[in-house]
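Please open the structure in your viewer and keep the selection tool at hand. The tour starts at one side chain and then moves outwards to the whole chain.

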Amino acid sequence: MKALKYAVMAVALAALTPTVPAATPADTLVIAKQIDDLISLDPAEAYELSGIEVLANAYDRIMRFEPTDVTKLVPGVAESVTVSDDGRTFTFKIRAGQTFASGNPVTAGDAAFSLQRVIKLEKTPVFLLSQLGWTKDNVDAMVTAPDDSTLVVKIDVDFAPSLVYALLGSVVGSVVDQKVAMEHETDGDMGNGWLKNNSAGSGAYVIKSWTPNDSVMLEANPNYRGGAAALKRVVIRHIPEASAQRLALEKGDVDVADNLTPDQIAAVAGNADIAVTTIPQALLYYMGLNLKVKELQDPKVRQALRYLVDYDGMANSFLKGAAQVHQSFWASGFWAAYDENPYTFDPAKAKALLTEAGYPNGFSLELDAPNFAPFVNMAQSVQSTMAQGGIKVNIVSSEMAPMLTKYRAREHQALMVYWGPDYMDPHTNADGFVTNIDNTDAATGGKPLAWRNSWQDEALVKATADAAKEADEEKRKTAYIELQKKVLDDGAFIIMFQSISQRADRANVKGYVQGSSADVTYYNLTTK
């Protein structure tokens, strides 16, 4: 079987070898993309954008945004839901007639198992569900399947139903084939080791292979409830350099180039064989400041560093058309966004703040950053402008996977990366940027961004929890805006930009669905 898998992979990739004229296989969508952030393809563990995008196509979720309408959250594996009067019990009815790619029926038992294993495995995204009051000790009682068509979800908090639905529509709401997962269980891992590289879902595609820093291959699932995908196969090729993506697109070696820089977009704009699509994103570029570093513990120092970033200079040069200045933790254009950007490049103000904090001559700071565009240019810009305030930045450039491993271990000083929401509600980013229940290195139960940067503000943690419970939508909106203001000034982050995606496709590619986040990018409606 292993030989067969690699033979299929070789045939597919061999078909991508350029000829004159070059063309990808008619039944295959080939995407050029930066995917070295991929760490796992288990929906109970994946927490990086590339992995989430792949999983959105390999698994159906309890709640989801359908490919035909990525603006509205609706039942997915479930077909309906009712809520108890106290708002703490949700009863989902599972759609009849669904099957996994394996041919096994999709049942409420599979849905319950999938939610339970997220809690029991306690991987990075566990906090998305543990905030519902679920623990290893109680989740079997809180999430049950009294019969094959009924899923009962009980929560131990007073969350608005819309927030609960949003959580169940995130990656951890993916429904896993229990039988297949448990057939591959090793040492009580509930199939985690196998699911890192394989899939057991009912989505439009099946993950056939993942070769780190090389490619992901998916094949159409004929059992998908939405009907078989238009294209039989999807190959995502790891091509980190924008210039190489552009060349592959122009030659016809790939159908979609996902990470072109503004200069590369300008270069292909006049090519009749290529179409450019602009999509506003919920993705944010930011720097995380680890408060284990003594100098960074002072809020005045963190404010000074914000004044040493040339936001407009970057946005109007190498980021032009690909990003806009945005300094709060919830993206512009979405409900409850705070759009004020109070920080500008001001070395004099930064020096004054550093002097007040006791660092008139500045200090040295190590900055981890990905080794591809636009981060290379962003890091160099920050290095140059921070030097004007006396901050000596040493750039540590690396691939995403080892950098993220370092980040998750809280071993960085400062780190530049991006962040996308887990679900389309401001609570997702508030929770990530603020919540830190246990600030020790040995913390369990989820390790969001505040924990990764060793920042804990108990008052803001409580305010975040209170915002999630607020039933009045206007009061809830105000609460999130106030949170954004406080994190902007006092948090362990320098949020700089909101992404604008400029995707380039071969002109014959139609129906590719790309929403505002990785969660709502779908391949199954694509035709060529």
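Select Gln-484 first, and look for the place where its side chain reaches the backbone nitrogen of Tyr-338 at 3.2 Å, a polar contact in the sense of a pair of N or O atoms within 3.5 Å, where within protein one must be able to donate a hydrogen and the other to accept it, and where residues adjacent in sequence count only if both atoms are side-chain atoms. This is a predicted model, in which local features need pLDDT of at least 70 and side-chain atom pairs count only at pLDDT 80 or more, while totals for chains, interfaces and linings use all residues. Residues are numbered from 1 along each chain as its sequence is written, and side-chain values use heavy atoms, with hydrogens and water left out.

Next, select residues 473-490, which form helix α19, the element that holds Gln-484; helices here are DSSP runs of H or I with at least four residues, and strands are runs of E with at least two, numbered from the N terminus.

Is Gln-484 buried or exposed? Its relative accessible area is 0%, so Gln-484 is buried, a term that means under 20% with a 1.4 Å probe and protein chains only.

Now show the residues that Gln-484 touches, leaving aside those up to four places away in sequence: Ser-328, Phe-329, Trp-330, Ala-336, Ala-337 and Tyr-338, where contact means heavy atoms within 4.5 Å.

Finally, zoom out to the whole protein, which has 19 helices and 19 strands and whose C-alpha trace spans about 65 × 65 × 45 Å along its principal axes. Buried residues make up 57% of the 528 residues.

Definitions and conventions. Buried < 20%, exposed > 50% of the residue type's maximum accessible area, 1.4 Å probe, protein only.
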